[in-house]
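Reader: I have a model open on my screen and would like to understand the labels people put on its parts. Could you take me through the reasoning behind them?

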Amino acid sequence: MTPHGYFHWNELMTKDLAASKAFYGATLGWTFEEMPMDDGTVYAVAMVGETAVAGLFDTLHMGDEAGPETWFAYVSVHDLDAALAAAREKGGTVLREPFDVPQVGRIAIVIDPRGVAIGWMTPAS
């Protein structure tokens, strides 16, 4: 398990999955394993050899609600509920309440007091 407070996962929110895969494949040597999603889109897991290093999420279908294309980070926390309580106590807000992703972990999206979003997650064992 990733230690508490360490970055655990990074995800690219992109409106052109093919172009993003081409760029990162050519510049970083990443290969990709595609995972079809329930909504018909594809989530691409970036690989370095046999190791998953990031995800690329196609947001084209989301229109304007997807926001700008950007990298989004997730930090590992051992106790998500306690971490969220601490965030609220220190002026943060929870944009998305905890949700479970099978075989990945329990995730919430937090907004710090300055308005910056980040994912916090308790990774699956």
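Reader: Which strands form a hairpin with five residues between them, and which residue in the turn has a positive phi?

Author: Happy to help, and please keep in mind that this is a predicted model. The hairpin is made by β2 and β3, and Gly 40 in its turn has a positive phi of about 95°.

Reader: How do you know that β2 and β3 pair?

Author: Strands pair if at least two bridges are found between them. Six bridges join β2 to β3, so they meet that cut-off, and they run antiparallel. One position to look at is Pro 36, which stands opposite Val 42 in β3.

Reader: What joins β3 to β4?

Author: Six bridges join these two strands, which also run antiparallel. Ala 44, for instance, has Leu 56 in β4 as its bridge partner. The hairpin of β3 and β4 has two residues between the strands, and Gly 49 takes a positive phi near 65° there.

Reader: Why is β3 called largely enclosed by the rest of the structure?

Author: Because five of its seven residues are buried.

Reader: What makes the phi of Gln 103 worth a remark?

Author: Its phi is near 65°, a positive value in a residue other than glycine. Most residues other than glycine have a negative phi. You will find Gln 103 in the loop between β6 and β7.

Reader: Why is Gln 103 called exposed?

Author: The cut-off for exposed is over 50% relative accessible area. Gln 103 has 80%, so it counts as exposed.

Reader: Why is the pair of Tyr 24 and Trp 71 called edge-to-face?

Author: A search of the whole structure finds seven aromatic pairs, and this is one of them. Ring centres must lie within 6.5 Å, and planes over 60 degrees apart count as edge-to-face. Tyr 24 and Trp 71 are 5.6 Å apart centre to centre with 85° between the planes, so both conditions are met. Tyr 24 lies in helix α1 and Trp 71 in strand β5, so the pair ties together parts that are 47 residues apart in sequence.

Reader: Are these two residues buried or exposed, or something in between?

Author: Buried means under 20% relative accessible area, and partly exposed covers the range from there to 50%. Tyr 24, at 17%, is therefore buried, while Trp 71, at 34%, is partly exposed.

Trp 71 also forms an edge-to-face pair with Trp 30, at 6.2 Å centre to centre and 80° between the planes. That pair links distant parts of the chain, with Trp 30 in the loop between α1 and β2, 41 residues from Trp 71 in strand β5. Trp 30 has 14% relative accessibility, so it counts as buried.

Reader: What makes a cluster of these rings?

Author: Ring pairs link Phe 23, Tyr 24, Trp 30, Phe 32 and Trp 71.

Reader: How do you know that the charged end of Arg 96 sits over the ring of Phe 99?

Author: The distance limit is 6 Å from the ring centre, with a further limit of 35 degrees from the ring normal. The charged end of Arg 96 is 3.8 Å from the centre of the Phe 99 ring and is listed as sitting over it.

Reader: What lines the largest pocket?

Author: It is lined by 31 residues, and Glu 11, Met 13, Tyr 43, Phe 57 and Tyr 74 lie nearest its centre. β6 gives the most to the lining, with five residues. The lining residues divide into 22 nonpolar, five polar and four charged, and the pocket holds about 1100 Å³ of space.

Key: Residues are numbered from 1 along each chain as its sequence is written. This is a predicted model: local features need pLDDT of at least 70, side-chain atom pairs count only at pLDDT 80 or more; totals for chains, interfaces and linings use all residues. Side-chain values use heavy atoms; hydrogens and water are left out. Helices (H or I, at least four residues) and strands (E, at least two) are DSSP runs, numbered from the N terminus. Buried means under 20% relative accessible area, exposed over 50%, partly exposed in between (1.4 Å probe, protein chains only). On a 1 Å grid over the protein atoms alone, a cavity is a set of points where a 1.4 Å probe fits but cannot get out, and a pocket is an open set with protein on both sides within 12 Å along at least five of seven lines; lining residues have an atom within 4 Å of a point. Grid points are joined across faces, edges and corners, and a volume is the space filled by probe spheres set on the points. Ala, Val, Leu, Ile, Met, Phe, Trp, Tyr, Cys and Pro count as nonpolar, Asp, Glu, Lys and Arg as charged, and the others, Gly among them, as polar. Rings of Phe, Tyr and Trp (its six-membered ring) pair if their centres lie within 6.5 Å; planes under 30 degrees apart count as stacked, over 60 as edge-to-face and the rest as tilted.
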